[in-house]
Amino acid sequence: MGFNTIAVHGGIKDESKSAINPPVYLSSTFIQPDTETEGEYCYSRGNNPTRASVEDLAAAMEGAKFALATSSGMAATSLVFELLKEGDKILINSNVYGGTWRFVSNLFENRGLVYEIVDDFNTYDLKDSDAKLVFIETPSNPLLEVTDIRRVCEAAHKKGMTVIVDNTFMTSYLQKPLMLGADIVIYSATKYYGGHSDLLAGLILLNDEKLYERFRFLRNTLGGILSPFDSFLLMRGMRTLALRLDKQQENAKGIAHFLDSHDGADRVYYPGLKSNRGYEIQLEQAYGPGAVLSFELNEKDYDLKTFVANLRYFAFAVSLGGVESLICRPSTMTHESYKKELQVKIGIRPNLLRLSPGIEDIDDLLDDLNNAFIKARRTL
Ligand SMILES: Cc1ncc(COP(=O)(O)O)c(C=O)c1O
């Protein structure tokens, strides 16, 4: 089956009423067969039919054996970090989603955990590392840096390390980290999977049964499950993932080329541009560059505040992956958890803007950006 066929026909069907869509099981508890037997479903924190259906679909789309749906992307990340015990170390790439960084930089110390920031996994030698987990976001948020997943996995596995890939920017449509050797894939399904900016959700995908059972235990114990209604909404979004992402990616390519030749952008970060450091690796390991891009506004000639204020279709808001276009300023929004000195060190500058084009018509989006540049031009 092709990706779209899986996306449309996957998930657990409800045979009993011949309904095209599964019902939303809002029941928190389920009647048990007798005193000795536990039924298929018992209590919705542990398992729920609507959630099981979206998990079935997510696993099929990823080509994974197991999926777990969580209440948000951060709930998925938190479960993965629960694998660490006091004294354990993780390696993490230098720019990751600000919420992930907030977790690592604030909660690790209390738990006796250690982290090391890796500037570039493509040149980093894992041979001498004593880390337990390797956490990669590729392309990274917000600088769209690309990590060679296969290379890292090969080196990490020689040392017995577990590799986690946050695949939020790519989705299973554009990149399949498990097939490149990763052990665990996580998503903020709030983004492209949901696709309509109307829910928060997370996903964990993996092939290892023991690890899957561990995550099920942890999720049931900690409680960060995806609700039945959000499971239903998420599944509805997932049916059209590829159609939306194709359009968004085309829009992102058009915008990247527009910005690249506009004097309003000092620098454009997008792995679909040949000038980008990660272009070749991206071409090799993914089916496209994705639909998120960032650029540094030329503040010498353009006023950032006026530029943002004059956009009509790009809403100034955090998040990404919805059908509507969004723009945000990572240094004060999604990545404000990074201390200023660290932002400077890793290149998250105050004039960096991150774009998530939606599915609008490209001509309107380009007009919108062009018009905002005209309004924001400083008078000579
Ligand atoms: C790459 C990435 N990972 C994880 C998250 C966290 O997901 P959520 O907001 O669903 O908790 C985000 C959110 O922006 C993200 O961009």
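**Close-up views of a predicted model**

His 262 is buried, with a relative accessible area of 15%. That value falls under the 20% limit, so His 262 belongs with the buried residues. Keep in mind throughout that this model is predicted.

**View 1. His 262 sits in a loop between a helix and a strand.** Here we look at the stretch that links helix H9 (241-260) to strand S8 (265-269), where His 262 has its place. Asn 298 is 36 residues away along the chain, and its C-alpha atom is 9.7 Å from that of His 262.

**View 2. Twelve residues are named around the ligand, including Ser 72, Tyr 97 and Lys 191.** Also in this shell are Gly 73, Met 74, Glu 137, Asn 141, Asp 166, Thr 168, Ser 188, Thr 190 and Ala 201. Sorted by class, the surroundings comprise 3 nonpolar, 6 polar and 3 charged residues. The ligand takes up the space of the second largest pocket.

**View 3. Polar atoms of Met 74, Asn 141 and Ser 188 meet oxygen of the ligand.** From Met 74 it is a polar backbone atom, 2.8 Å from a ligand oxygen. Asn 141 instead uses an N or O atom of its side chain, at 3.1 Å from an oxygen of the ligand. For Ser 188, a polar side-chain atom is 2.8 Å from a ligand oxygen. On its own the ligand would expose 390 Å², and the protein buries 93% of this area.

**View 4. Helix H3 (residues 73-81) is mostly covered.** Of its 9 residues, 7 are buried; among them are Gly 73, Ala 75, Leu 79 and Phe 81. Take a look at the start of H3 too: a side-chain oxygen of Ser 72 comes within 3.3 Å of the backbone nitrogen of Met 74. Ser 72, Gly 73 and Met 74 also belong to the ligand's surroundings.

**View 5. The loop between strand S4 (133-137) and helix H5 (149-158) holds Pro 139, and Pro 142 is found there as well.** The peptide bond from Thr 138 to Pro 139 is cis, with omega near -10°. Another cis bond joins Asn 141 and Pro 142, with omega about 15°. Leu 144 shares this loop between S4 and H5, and its phi is positive, near 55°. At 1% relative accessibility, Leu 144 is buried.

**View 6. Ser 197 has a positive phi, near 50°.** This serine lies in the loop between strand S6 (184-188) and strand S7 (202-206). With a relative accessible area of 47%, Ser 197 is partly exposed.

Definitions and conventions:
Residues are numbered from 1 along each chain as its sequence is written. This is a predicted model: local features need pLDDT of at least 70, side-chain atom pairs count only at pLDDT 80 or more; totals for chains, interfaces and linings use all residues. Side-chain values use heavy atoms; hydrogens and water are left out. A residue is near a molecule or strand if one of its heavy atoms lies within 4 Å of it. A polar contact is a pair of N or O atoms within 3.5 Å; within protein, one must be able to donate a hydrogen and the other to accept it, and residues adjacent in sequence count only if both atoms are side-chain atoms. Accessible areas come from the Shrake-Rupley method with a 1.4 Å probe; for residues, only the protein chains shown count as cover. On a 1 Å grid over the protein atoms alone, a cavity is a set of points where a 1.4 Å probe fits but cannot get out, and a pocket is an open set with protein on both sides within 12 Å along at least five of seven lines; lining residues have an atom within 4 Å of a point. A molecule sits in a cavity or pocket if more than half of its atoms lie within 2 Å of its grid points. Ala, Val, Leu, Ile, Met, Phe, Trp, Tyr, Cys and Pro count as nonpolar, Asp, Glu, Lys and Arg as charged, and the others, Gly among them, as polar. Helices (H or I, at least four residues) and strands (E, at least two) are DSSP runs, numbered from the N terminus. Buried means under 20% relative accessible area, exposed over 50%, partly exposed in between (1.4 Å probe, protein chains only).
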